[in-house]
Amino acid sequence: MPFRFFSCAALLVLSLPLFAQDRAADVKTAFARAQHLKHGINASEWFAQHSHDYSAKFTDGYTDDADIALMAKLGFDSVRLSIDPVPLEQSMNHWGGGPNADFLTRLDRMVDAMLAYGLAVQIDIHPEAPYKQAVKNGNEGVERFVMLWRRLAAHYANRDPELVFFEIMNEPEVNDPYRWAGIQAAAAQAIRESALKHTIIATGPNWSDIIDLLTQHPLPDGNVIYNFHFYEPNQFTHQGANWSDPYLIYTHGIPYPATETSLDKLEQVPDLADRFAQEHYWLDHWDAHRIRLEIDAAANWGKTYNVPMLCNEFGAYRRVTDPASRMNWLRDVRTALEADGIGWTMWDYRGGFGAVWKEDGEPAKVDNQVVEALGLRKK
């Protein structure tokens with residue numbers, strides 16, 4: 001029977017016979033496996049976020065076996081492997097030849113390399129905007145997404161369930177929390193039908209912020225870790241970024257923690273309304289205490305429902321950010337997460353928020369200040 005999109009409530013009811021056999025034991029498993037995701041790193045812009053080129057020439061040079069070895073050596077225990085579903089589907093369905101024909105084969109090789117180094121792997125479906133819009137706006141897009149997960153989970157079902165995790169979708173951008181709850185439940189059920197033992201990573205709607213997670217109730221499946229992203233305050237973490245709030249492209253050198261000297265930078269923002277938004281960075285008193293209170297809200301949600309928590313994206317754009325301020329922010333977020341018993345995965349390995357400096361095909365140069373701010377110990 002073809003897939004039809006049900007309401008959240010209907011999906012939860014349909015899921016209960018499959019998932020409710022021994023929820024307490026499954027929750028215990030999820031908590032235990034969350035210990036493999038305490039100090040992670042995002043392998044970004046590699047098998048996702050690069051839609052114009054996923055050729056072997058690109059992926060083999062962008063992040064290679066030496067990089068994976070370095071991730072383990074630096075003390076990371078896990079890698080979040082972002083995957084664009086479009087070339088993945090093309091490869092799985094053998095749609096023509098071309099540069100994506102062996103996309104899945106190359107992906108498998110990297111997953112197995114990470115496992116060989118003892119790294120856990122978060123298999124993260126990380127779509128670009130058109131794919132997300134199809135899921136957001138139509139049942140056909142949901143059907144396609146659920147079918148992909150059924151096949152992908154089956155493909156990786158033979159990998160170690162202690163170390164391979166299935167993350168349903170990165171920042172789904174579905175602004176209706178009830179619709180997202182239903183979509184996520186359908187995807188989780190498809191995963192579980194194909195992979196009985198693996199742990200699922202679920203999230204809230206929109207951008208996976210803490211407030212988005214708080215709109216959700218846990219899935220009937222107990223073997224699930226719940227995830228959120230943390231980039232607050234955006235005025236600091238995305239200064240100079242051209243894809244965030246447009247005015248942030250003008251800002252640079254914004255200090256952290258916020259002090260009255262933060263106001264000295266307001267003249268960088270030409271529009272008065274944007275300048276007022278930037279002023280709130282100081283008015284909202286962003287410092288270690290404020291960050292801890294924000295993350296406590298996520299931790300309390302996890303305690304309320306007795307589920308394990310994960311923050312698998314946090315970071316600060318480094319192009320125009322004062323390095324000392326960036327290290328202060330990374331340290332404060334990391335320590336707040338650890339104080340609440342929440343595992344973390346920094347964004348990212350070699351991109352604009354990176355832990356290393358690297359050119360394609362060249363050895364990576366470690367940013368030792370980032371390693372120190374993350375509290376990592378080299379092996």
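The following conversation introduces the overall build of this predicted model and its empty spaces.

Biologist: What kind of model is this, and how are residues numbered?
Modeller: This is a predicted model, in which local features need pLDDT of at least 70, side-chain atom pairs count only at pLDDT 80 or more, and totals for chains, interfaces and linings use all residues. Residues are numbered from 1 along each chain as its sequence is written, and side-chain values use heavy atoms, with hydrogens and water left out.

Biologist: How many helices and strands are there in the chain?
Modeller: The chain has 15 helices and 10 strands. These are DSSP runs numbered from the N terminus, with helices being H or I of at least four residues and strands E of at least two.

Biologist: What does the chain span along its principal axes?
Modeller: The C-alpha trace spans about 60 × 45 × 40 Å. The radius of gyration is 20 Å, which agrees with the value near 21 Å for a compact globule of 379 residues; this radius is taken over C-alpha atoms, and the globule rule is 2.2 Å times the number of residues to the power 0.38.

Biologist: How many residues line the largest pocket, and which lie nearest its centre?
Modeller: The largest pocket is lined by 26 residues, with E171, W207, H238, W243 and E313 nearest its centre. On a 1 Å grid over the protein atoms alone, a pocket is an open set of points with protein on both sides within 12 Å along at least five of seven lines, whereas a cavity is a set where a 1.4 Å probe fits but cannot get out; lining residues have an atom within 4 Å of a point.

Biologist: What is its volume?
Modeller: The volume of the largest pocket is about 900 Å³, counted as the space filled by probe spheres set on grid points that are joined across faces, edges and corners.

Biologist: And what about the second largest pocket?
Modeller: The second largest pocket has a volume of about 290 Å³. Its lining comprises 19 residues, and M309, D340, G341, I342 and G343 lie nearest the centre.

Biologist: Which element gives the most to that lining?
Modeller: Helix α13 does, with three residues. At least two residues each come from α2 (23-34), α13 (288-305), β7 (309-314) and β8 (343-346).

Biologist: Changing topic, how many cavities of 30 Å³ or more does a search of the whole structure find?
Modeller: The search finds one. The largest cavity has a volume of about 30 Å³, and the residues lining it include I254, L266 and W282.
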